[in-house]
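Colleague: Before we discuss this model, may I ask you to set it out for inspection? I would then like to go through its packing and its aromatic contacts.

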Amino acid sequence: MKRRTTVKLLLSGALGSAFLGASGWGQAKAMALGNSDNWSRALASYVALQKYFYKQDGSHLYLEQYPVQSGDNTYSYEWPFSQAHIATLDLSNIPGITGRQFARDLADRAQGQEHYWNTTGATGVAGYDSYPRPPYGNGGDKFYDDNEWVGLEKIQLYLMTGDRASLDRAKQIFQLVISGWDTDASHPAPGGVFWTQASWSHDRNTVSNMPGAEIGLRLYQITHDSSYLDWARKMYDWTNTNLLAPNGLYWDHIDLSGNIEKTQWSYNQGVPVGVNTLFYQITGDRSYLQKAENIASAALAFYGSDNLYKQPAPFNAIFFKNLLLLHSVNHNQSYVQAMQTYADTVWSKYRDAATGLFRFDSTKPTTQMIDQAAMTQIYAVLCWPPSRYGVLY
């Protein structure tokens, strides 16, 4: 595939005049909101993402990690790809000419995304497989959370542009999600959306239910179809009943023996913040707003100044973006400040200046593509004006 000329020039190091024109570069930097370094960091992170992970073979796909290791797949799984897709979308939402420069790259991501689409599956409903379909791979089991991230990306794109095809795809993904609802009343904690269609797991997770609720609430806001709101309440209520811990944060999952896996991942706190924010917007009930604020406060205290860096970067990107959705309602600047502090620390401690790659585990020789994509998202969103936070999740 003939790659976009600007990306080729970026990767050759001609960052200034080649990308935006000599005067456009200065204009782009001036238009970047927040910390003055965020735009240059977002761009540098994206350049490294494209240089080291993007496959120059016409597939529109990515590598999983760099350097490539013996036994690696040819392409990345769906979950990492979705985060590169979202990184490009977040860059495209930077105001003015800066964001518009990524339109063709975003179209390229959309082409790659569809290589994972499968018109059937274990529940007979279409969705994205965990690995590319032929001719790029043999597909794989569908994960409901993988699909939910794409669904939320499609809704964000719709809210940004009004693209009806994206909205229609989000509706299709929601049908897949509800097809994964546990209907066996004999199970411990019956109900909930399973994590995956794979036979080796029967877990029902916070991450397969709360993002599903978030999609449902967004679709209700857009369409006013009450079935979306009803399903969102079911997912929300089930998760609160079975996976909300005494400390006000969320555990990971419950299995079919009733065992609860009690790890408290950052994205499992962020998405409930977003869900409660959307419930507040829809209902006007301030108890939802209070719940969102309580979860945000408890999570920031729980992760503190050190524990956040032990969480995977893509989990933190989702966590912070949901906090910014809450900021769009309550305007609490501490959420932006916490995100900026995290972004600054990662840049100074976990980035290789020679390559532009982020490596969070010094014992491993590789950078994960999903980490690079996550940090690109964080720097990109920190360039947005607060007036745009309302499209996030």
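Colleague: What percentage of the 393 residues in the chain is buried?

Modeller: A residue is termed buried under 20% relative accessible area, exposed over 50% and partly exposed in between, with a 1.4 Å probe and protein chains only. By that criterion, the buried share of the 393 residues is 56%.

Colleague: On what conventions do such values rest?

Modeller: This is a predicted model, in which local features need pLDDT of at least 70 and side-chain atom pairs count only at pLDDT 80 or more, while totals for chains, interfaces and linings use all residues. Residues are numbered from 1 along each chain as its sequence is written, and side-chain values use heavy atoms, with hydrogens and water left out.

Colleague: What is the radius of gyration of the chain, and how does it stand against the globule rule?

Modeller: The chain contains 16 helices and 9 strands, where helices (H or I, at least four residues) and strands (E, at least two) are DSSP runs numbered from the N terminus. The globule rule, 2.2 Å times the number of residues to the power 0.38, is compared with a radius taken over C-alpha atoms. For 393 residues the rule gives 21 Å, and the chain comes close to this, so it is as compact as a globular protein of that length, with a radius of gyration of 20 Å.

Colleague: Why is the pair of Trp 117 and Tyr 128 classed as it is, stacked or edge-to-face?

Modeller: Rings of Phe, Tyr and Trp (its six-membered ring) pair if their centres lie within 6.5 Å; planes under 30 degrees apart count as stacked, over 60 as edge-to-face and the rest as tilted. The structure holds 33 such aromatic pairs. In this one the ring centres are 4.7 Å apart and the planes of Trp 117 and Tyr 128 stand at 70 degrees, so the pair is edge-to-face.

Colleague: Which strands hold Trp 117 and Tyr 128?

Modeller: Both residues are buried. They lie 11 residues apart and link distant parts of the chain, with Trp 117 in strand S2 (residues 117-118) and Tyr 128 in strand S3 (residues 127-128).

Colleague: Trp 181 and Trp 231 also form an aromatic pair; which charged end sits over the ring of Trp 231?

Modeller: The two Trp rings are edge-to-face, 5.5 Å centre to centre with 75 degrees between the planes. Trp 181 is buried at 14% relative accessible area, whereas Trp 231 is partly exposed at 21%. A charge sits over a ring if NZ of Lys or CZ of Arg is within 6 Å of the ring centre and within 35 degrees of the ring normal. At 4.1 Å from the centre of the Trp 231 ring, the charged end is that of Lys 234.

Colleague: Which side chain makes a polar contact with that of Glu 153?

Modeller: Glu 153 lies in helix H8 (residues 144-161) and is buried, with a relative accessible area of 1%. A polar contact is a pair of N or O atoms within 3.5 Å; within protein, one must be able to donate a hydrogen and the other to accept it, and residues adjacent in sequence count only if both atoms are side-chain atoms. At 3.3 Å, the partner side chain is that of His 85.

Colleague: Which backbone nitrogens lie by a polar atom of the side chain of Tyr 131?

Modeller: Tyr 131 is in the loop between S3 and H8 and is buried at 11% relative accessible area. One backbone nitrogen lies 3.4 Å from a polar atom of its side chain, that of Thr 74. Another lies at 3.0 Å, that of Tyr 75.
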